[in-house]
Amino acid sequence: DEDNNIWVGSSSGLAVINPKSHTVHFLNKSAGLLSDTITGLFMDKEKRIWVGAASEGVDIIDTKEGTIKHLVSTQGIKGVVNHFIEDNDGKIWMASDNGMYIFEKSTQKIKHIDAQEGLIDNNIITILKDNSNQIWIATKSGLNLVDTKGLAPVYLTKDDGITGRDIWTFFQDGQQRIWIGSRQGVDIYNPQSHTIQNLPKDFLFKLGLTPQFINGKNGEILLL
């Protein structure tokens with residue numbers, strides 16, 4: 001966070017580690033969280049900590065005010081949130097096992113997008129905001145690309161050149177290309193030419209493992 005604390009989520013709550021003082025502060029359900037099991041963590045532009053809870057809901061921790069607010073079923077969240085991003089307009093996108101929830105700070109309202117509104121699958125694995133403010137949504141059934149201006153979701157499938165539908169990781173490199181990792185391999189999407197390059201399968205992909213992407217010092221992409 002802005003104080004250089006390290007936040008760690010687990011099945012036993014949150015641990016807030018202060019590297020300077022070598023102290024650890026614990027937060028759990030008895031301290032005001034919705035659940036002891038943490039499914040996602042995110043810090044927004046206002047330095048608030050968003051916490052996904054296994055009990056279907058989200059905690060919003062304001063470290064400056066010392067408060068914890070909740071977004072639950074009465075506000076419209078009826079899924080377990082596992083990933084957060086903030087778009088250029090300040091909206092918080094929350095990926096869950098029941099579709100996508102979009103929180104509008106100015107109105108304090110939540111919009112829900114699911115398969116009935118164009119998602120290929122309600123069970124979302126992870127999401128990415130690219131430099132064009134588009135939202136990439138990975139599910140176990142395929143890939144969605146959503147324009148934050150409100151345009152309908154677009155699918156990318158095997159017909160477009162995607163190697164596998166079981167997508168787990170994203171990465172955008174310095175050339176604005178999107179690297180897509182699945183259990184079947186790695187694809188590189190070029191948004192300028194709208195083409196997809198498939199990397200040759202090697203031992204890693206034959207094992208059915210999903211790669212993680214890291215940007216190297218000299219611009220190379222490391223696959224772990």
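In these legends, "buried" means under 20% relative accessible area, "exposed" means over 50%, and "partly exposed" is anything in between. Everything you see here comes from a predicted model.

**View 1. Glu46 and Arg48 make a salt bridge.** Here's the pair to find: Arg48 and Glu46, whose closest N and O atoms sit 3.6 Å apart. Is Arg48 buried or exposed? With 16% relative accessibility, Arg48 is buried, because that value is under the 20% cut-off. Glu46 comes out at 45%, so this residue falls in the in-between class and counts as partly exposed.

**View 2. Glu46 also forms a salt bridge with Lys105.** Stay with Glu46 and look for Lys105: the closest N and O atoms of this pair are 3.9 Å apart. Which parts of the chain does the pair tie together? Lys105 is in the loop between strand E10 (99-104) and strand E11 (109-113), while Glu46 is in the loop between strand E4 (38-43) and strand E5 (49-53), so the bridge ties together parts that are 59 residues apart in sequence. Lys105 has a relative accessible area of 16%, which means that this lysine is buried.

**View 3. Lys91 and Asp87 form a salt bridge, and other charged residues join into a network.** Lys91 reaches Asp87 with 3.4 Å between the closest N and O atoms. Both ends are tucked away: Lys91 is buried at 12% relative accessible area, and Asp87 is buried at 0%. Elsewhere, salt bridges with shared partners link up Asp44, Glu46, Arg48, Glu86 and Lys105 as one network. If you want the whole tally, a search of the full structure turns up eight salt bridges. Why do such pairs form? Side chains of opposite charge can pair when their charged atoms come close.

**View 4. Phe42 and Phe84 form a stacked aromatic pair.** How many aromatic pairs does the structure hold? There are five, and one of them is Phe42 with Phe84, with ring centres 6.3 Å apart and 20° between the planes. The pair counts as stacked because its planes are under 30 degrees apart. Phe42 belongs to strand E4 and Phe84 to strand E8 (residues 81-86), so to speak of distant parts of the chain is fair here: the two are 42 residues apart. Phe42 and Phe84 are both buried. Zoom out a bit and you'll find a cluster, in which ring pairs link Phe42, Trp50, Phe84 and Phe103.

**View 5. Strands E1, E2 and E3 make an open sheet.** The order is E1-E2-E3, and these three strands pair in the antiparallel sense. Which strands are at the edges? Strand E1 (6-10) and strand E3 (23-27) are, each pairing on one side only. From one strand to the next, the twist averages 20°. Strand E2 (residues 13-18) pairs with E3 over five bridges, antiparallel again. To get your bearings, look for Asn18, which stands opposite Thr23 in E3.

**View 6. Four strands, E12 to E15, build an open antiparallel sheet.** Follow the order E12-E13-E14-E15 across the sheet. Strand E12 (124-129) and strand E15 (154-156) are the edge strands, with pairing on one side only. The twist averages 25° from each strand to the next. Strand E14 (residues 142-147) and E15 are held to each other over three bridges in the antiparallel sense. What stands opposite Leu143 in E15? It's another leucine, Leu156.

Notes. Residues numbered from 1 in each chain as written. Predicted model: local features only at pLDDT ≥ 70, side-chain atom pairs only at ≥ 80, totals over all residues. Heavy atoms only, no water. Salt bridge = Lys/Arg side-chain N within 4 Å of Asp/Glu carboxyl O. Buried < 20%, exposed > 50% of the residue type's maximum accessible area, 1.4 Å probe, protein only. Pairing = 2+ DSSP bridges. Axes fitted to C-alpha atoms, helices over the stretch in contact; angles between N-to-C directions. Phe/Tyr/Trp six-rings, centres within 6.5 Å; stacked < 30°, edge-to-face > 60°.
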